[in-house]
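Here's a quick tour of a single chain, starting from one side chain and working outwards to the whole fold. Keep the viewer open as you read.

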Amino acid sequence: MSLSADRPVAAPISPAVLSAFWFGTAFHWLVLLLILMPGDVVKFVGEGQKGTYLGLLTAIGAVMALVLPPLVGAHSDRTGKRIPYIRLGLGVNLAGLLVMALAAASLSGVAGFWVYVLGFLLVQFGNNYATAPYSALIPQLVPPEQRGRYSGVMAMLQAGGQLLGAVAALVIGLLHLPGIATYLLVGLVLLLPALVTMRGVPAQADRLVPSQSAPQLSVAQLFAHQPFLWVFLTRVLFALGQYSVQPFLQYYNKDVMRQGDPANATSIMLACIIVGSIASALIGGRISDRTGRKPVIYVAGGLMAAVALLLLFAPNFTAALLLALLFGLGFGAFTSVDWALGSDAMPSESSYARDMGIWHVAFVAPQFVGAPQGRLLDWGNAQSPNMGYTLVFGIAAVFFVLGVILVRNVPEKVHRPS
């Protein structure tokens, strides 16, 4: 197969099949990061250090997510294959989930926490090993004028996976099922949609031969390509806003909203966010194909920044749920153009997987913010009741606003270097 340097060959694959892997991945990360890990960390280290250790856990995992995708992506580009990497990464991911489940079920204290960390590192290794080659499939297979639609479907299935995760966590919590059952469910829902995508990707995706005109760019040249640079920076800012709040929602529901069952309260809040995001995801992607990506991001980022601040003043849990719904509308609109914006900014087909792996770093590297934000949360709450949440949520709003401001620098029409 020879691809045009300006336009990929349309693939005989539906948006839903291509996005199925992302459905399972979304379920996997929502249940893991927002339901299982916060509760498990409290069991290992107690209430007084929960923010610090949860932030440490996410930051340690982020190291793997920072380093691996560009390296694996570059190797995938050299071999011209995608599916074998997804298959191997999936296997390691499942093994890591098993280690985490066994540690949470049978170990305790700081020693048990470090075994749990080992399992999480395996999860991060496997998931990120698969992500870069998978991420290359949209720019490789989807024409630019259809990327908004494909990105919208991907965002909708991502939100659907998250909604299923929130509902499943709520049901498991109400039934008081053992935690290991949840880990097994996470593994199953990760595996089955991944099989759908791996079977549905056309065979030529694993026989990629870039055209001779495709430029070979170094990493420095990649960042010198202005569309990529600005897309990368704005994605970093939006991810910093998300990870400033997301890991601590369960603690927010317990400490600020005074919910007796914070895990179930978080599941309900997440369901509201996801319903809102489903409502805006598909329409946002289609609108972006007609009007451009940036107007959608302006609205989405402004809405998320406003909600991050308003959550601090929510008078009750019902009001917080309404705000969560509004946040979901903004988040869904953002994710509906996220993949399209990233794909549009790729400068060369000869390094799609490497470059999408580096682009993916812009989303996962900000997980490091969990460590200082967790420490800030504990410090602020020790100074004054719930002051930590004011600091952390306020910083998140600043990140969202900066992302909206800087996205103006992203060119709407991307010209690839020759």
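Start with Q242, which has a relative accessibility of 13% and therefore counts as buried, since the cut-off for buried is under 20%. Bear in mind that what you're looking at is a predicted model. Q242 sits in helix 9. Skip the residues up to four places away in sequence, and Q242 touches P247, F331, F363 and F400.

What about the helix around it? Helix 9 covers residues 226-245, and at 1.5 Å a residue its 20 residues should span 28 Å; the end C-alpha atoms are 30 Å apart, so the two figures agree. Of those 20 residues, 15 are buried, so helix 9 is largely enclosed by the rest of the structure.

**Other buried spots in helices**

S151 is a good next stop. It belongs to helix 6, residues 147-175, and its relative accessibility is 1%, so it counts as buried. Which residues does S151 contact, once neighbours within four places in sequence are set aside? The list is T335, S336, V337, D338, W339 and A340. For one of these, D338, there's a distance to go with it: S151 and D338 are 187 residues apart in sequence, yet 7.0 Å apart in space, C-alpha to C-alpha.

N93 is in helix 3, residues 83-106. With a relative accessible area of 1%, N93 is buried. Its contacts beyond four places in sequence are H28, L122, V123, G126, N127 and L190. L121 is 28 residues from N93 along the chain, and their C-alpha atoms are 9.1 Å apart in space.

M198 lies in helix 7, which runs over residues 179-200. At 14% relative accessibility, M198 counts as buried too. Leaving out neighbours within four places, M198 is in contact with I83, I86, R87 and L90. For a pair with a wider gap, take M198 and G165: they're 33 residues apart along the chain, and 22 Å separates their C-alpha atoms.

L377 is in helix 15 and is buried, with a relative accessible area of 2%. Beyond its neighbours within four places, L377 contacts F248, Y251, G388, Y389 and V392. The C-alpha atoms of L377 and G292 are 38 Å apart, with their positions 85 residues apart along the chain.

Here are the sequence and space separations side by side:

| Pair | Apart in sequence | C-alpha to C-alpha |
|---|---|---|
| S151 and D338 | 187 residues | 7.0 Å |
| N93 and L121 | 28 residues | 9.1 Å |
| M198 and G165 | 33 residues | 22 Å |
| L377 and G292 | 85 residues | 38 Å |

**Two loop residues with positive phi**

Some background first: most residues other than glycine have a negative phi. R258 isn't a glycine, yet its phi is positive, near 60 degrees. You'll find R258 in the loop between helix 10 (249-255) and helix 11 (262-291). At 64% relative accessibility, R258 counts as exposed.

N386 also has a positive phi without being a glycine, at about 70 degrees. Its loop is the one between helix 15 (370-383) and helix 16 (387-406). Is N386 buried, exposed or partly exposed? It's partly exposed, with a relative accessible area of 23%.

**Zooming out**

How many helices and strands does the chain have? The count is 16 helices and 2 strands. The chain has 418 residues, for which a compact globule would have a radius of gyration near 22 Å; the value here is 20 Å, which agrees. Along the principal axes, the C-alpha trace spans about 60 × 40 × 35 Å.

Across the 418 residues, 60% count as buried. Taking contacts with a separation of 6 or more, 86% come from residues 24 or more positions apart. On the outside, the chain exposes about 15,400 Å², and carbon and sulfur atoms supply 70% of that. As for charge, there are 23 positive and 15 negative side chains, and the centres of the two sets lie 3 Å apart.

Terms used. Residues are numbered from 1 along each chain as its sequence is written. This is a predicted model: local features need pLDDT of at least 70, side-chain atom pairs count only at pLDDT 80 or more; totals for chains, interfaces and linings use all residues. Side-chain values use heavy atoms; hydrogens and water are left out. Helices (H or I, at least four residues) and strands (E, at least two) are DSSP runs, numbered from the N terminus. The radius of gyration is taken over C-alpha atoms; the globule rule is 2.2 Å times the number of residues to the power 0.38. Buried means under 20% relative accessible area, exposed over 50%, partly exposed in between (1.4 Å probe, protein chains only). Contact means heavy atoms within 4.5 Å. Accessible areas come from the Shrake-Rupley method with a 1.4 Å probe; for residues, only the protein chains shown count as cover. Lys and Arg count as positive and Asp and Glu as negative; His and the chain ends are not counted. The place of a charge is taken as NZ of Lys, CZ of Arg, CG of Asp or CD of Glu. The expected span of a helix is 1.5 Å times one less than its number of residues.
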